[in-house]
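User: Please take a close look at a single part of this model and describe how it is built. Then relate that part to the rest of the chain, with the cut-offs behind each term.

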Amino acid sequence: MKLLYELNDKPPAGSTVLLAIQHMLASIGGIIAVPLIVGTAIGLPTGDVVTLINAALFISGAFTIIQCIGVGPVGIRLPVVMGSSFAFLGIAIGIGKADGVSGIMGAALVGACMVIVSAFFMEQIRKLFPPVVSGVVVTLIGLTILPVAMNWIGDAPAGSEQFATLPKLFLAAISLLVVLLVATYAKGSVAASAIVIGLAGGYLVALSMGMVDMKQISEASWFATPEPFKFGLSFSWPAIVSMCLAYIVVIAEATGDFLALASNCHRTISGKDLKRGLLGDGIGSAVGSFFGAMPLASFSQNVGIVGITGVASRYVVGTAGALLILAGLFPKFGALAVTVPKPVLGGVGFIMFGMIAYAGIRMLVKAADTRRNALVICVSLAAGLAVTIKPSLLQHLHHDIAQLLHSGITTGTIVAVVLNLVLPKSKEDVHAEKQAEEEEMNSDHSIPLSEDTAEPAMTSNSSQSDTSTDQTSKST
């Protein structure tokens, strides 16, 4: 796909704000959901839950800007949206019930330090992720997150009579249809804003159907700031071990997100770039723990937005970070976005998450077409989808092991890495891989993300024959 705006492009101010709004709308619900669910589950009073939400928005926005623009060695300089990760949801609730919010924040701080240390070993970790492995990881990110969109459309407990009623299905279909029509027939900035236009179209239809709850706006305060050390920090080994397991999941997911995002931005990515990105994740989570924000991770849904809109400008997503900061300071502003009905989000999510899977498939196409690689891909994808579709497969494993493998992304990644390391390579495999690498070097015109490093790229994107010479010479 030809990019409408490349990584370092700065669209006009009006277009920048409009494009940034759709990134904010796609992420704000997820950012708010984690502290809302955790706070409610452990019985916090309403005021404390609001504090958790404001902190999550503010810290997410601040470190979205840092990831996009970069501060010294921190920040991957890609259009990354940071937010509270659902990978921590179950663990955070368990820790919160036993040790309170202070226990969550203490464990999150220690886990964040583990991520920071891991970032300095990305040169070695990079070698574990050739195209055959990284393609599996990115594909699984797209496929395993699809149930989120399905649950948004259902907007009720599974099995309930209210799950996916006809009005909800209608709203999702309308939102999906608007995105398809705009992305297909519109041009320029209008086409690039297909996601936000789809959300707006679905929102207006939902308003006319009386399916928008304005109560959250009226109840939200006008102004609030994060309160450092409001909940304090406490440490316990069971909490720390559990949280570190969740962080391992996040490292795998973040790596996959960065790979997919680099591919969508028509950039190659190195171990040094991954180190910058993981430092942003780790430092963001560490700082967030002081302010009462849940641990951060990159948001997969925004990777899909980049893919479908062709807008790879990091300045657009940096602007989305500024909007998230505003939402954290002015809760009524954020509450407006939260009133978007879940079926509307679900309809749009089908396209966003599907684009992530498509990015992974593009990576797999670049891997050598050998029987060995086919085994790695098939078994890894099957393992990742198996624990996603049937979590009960893990019910007899030790709790900590089951907690680690419950994520299809993590399971599939582990299986892919192990198989790629242990399955022997025949002479035909080695020859096919060299031939694939030569073809890639001859046909790929992707731009390295870090021009100051000569190391091999971790992944590569599709050919950009339509990208002009002057664009390829831009500094990253």
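Analyst: Leu128 is placed in the loop that joins α4 (122–126) to α5 (131–144) (helices are DSSP runs of H or I with at least four residues, strands E runs of at least two, numbered from the N terminus). The model is predicted, so local features need pLDDT of at least 70 and side-chain atom pairs count only at pLDDT 80 or more, while totals for chains, interfaces and linings use all residues. Residues are numbered from 1 along each chain as its sequence is written, and side-chain values use heavy atoms, with hydrogens and water left out.

With a relative accessibility of 31%, Leu128 counts as partly exposed (buried is under 20% relative accessible area, exposed over 50%, partly exposed in between, with a 1.4 Å probe and protein chains only). Leu128 joins Ile414, Val418, Leu421 and Val422 in a nonpolar surface patch of about 410 Å². Patch members have over 30% relative accessible area and no salt bridge; nonpolar side chains (Val, Leu, Ile, Met, Phe, Trp, Tyr) are joined within 5 Å, like charges within 9 Å. Areas follow the Shrake-Rupley method with a 1.4 Å probe, and for residues only the protein chains shown count as cover.

Helix α19 covers residues 408–422; its 15 residues reach 21 Å from first C-alpha to last, close to the expected 21 Å (1.5 Å times one less than the number of residues). Its buried residues include Gly408, Ile409, Ala416, Val417 and Leu419.

Helix α7 (residues 166–185) offers a second example, with 20 residues reaching 28 Å, close to the 28 Å expected. Lys168, Leu171, Ala172, Ser175, Val179 and Val182 are the buried residues of α7. Because these residues cover an arc of only 105° around the axis, they lie on the same side of α7 (the arc is that of the directions from the helix axis to the C-beta atoms). Leu166, Thr184 and Tyr185 are exposed on the other side of α7.

In the interior, the largest nonpolar core holds 123 residues, of which Leu78, Ile104 and Met243 touch the most other members. Helix α11 gives the most to this core, with 14 residues. Such a core is a set of buried Ala, Val, Leu, Ile, Met, Phe, Trp, Tyr and Cys residues joined through side-chain atoms within 4.5 Å.

Charged pairs are next. The whole structure contains 2 salt bridges (a side-chain nitrogen of Lys or Arg within 4 Å of a carboxyl oxygen of Asp or Glu). In one, Asp48 meets Lys230 at 3.6 Å, N to O. Asp48 belongs to α2 (residues 46–69) and Lys230 to the loop between α10 (215–219) and α11 (237–264), so the pair ties together parts 182 residues apart in sequence. Asp48 is buried at 19% relative accessible area, whereas Lys230 is partly exposed at 36%. In the other, Asp273 and Arg276 meet at 3.8 Å, N to O. Both lie in α12 (residues 271–291), 3 residues apart, about one turn of the helix, and both are buried.

Two further pairs link distant stretches of sequence. Ser27, in α1 (residues 13–41), is buried at 0% relative accessible area; its C-alpha is separated by 7.3 Å from that of Asn302, 275 residues away along the chain. Thr370, in the loop between α16 (342–366) and α17 (371–389), is buried at 11% and lies 7.2 Å from Ala432, C-alpha to C-alpha, although 62 residues apart in sequence.
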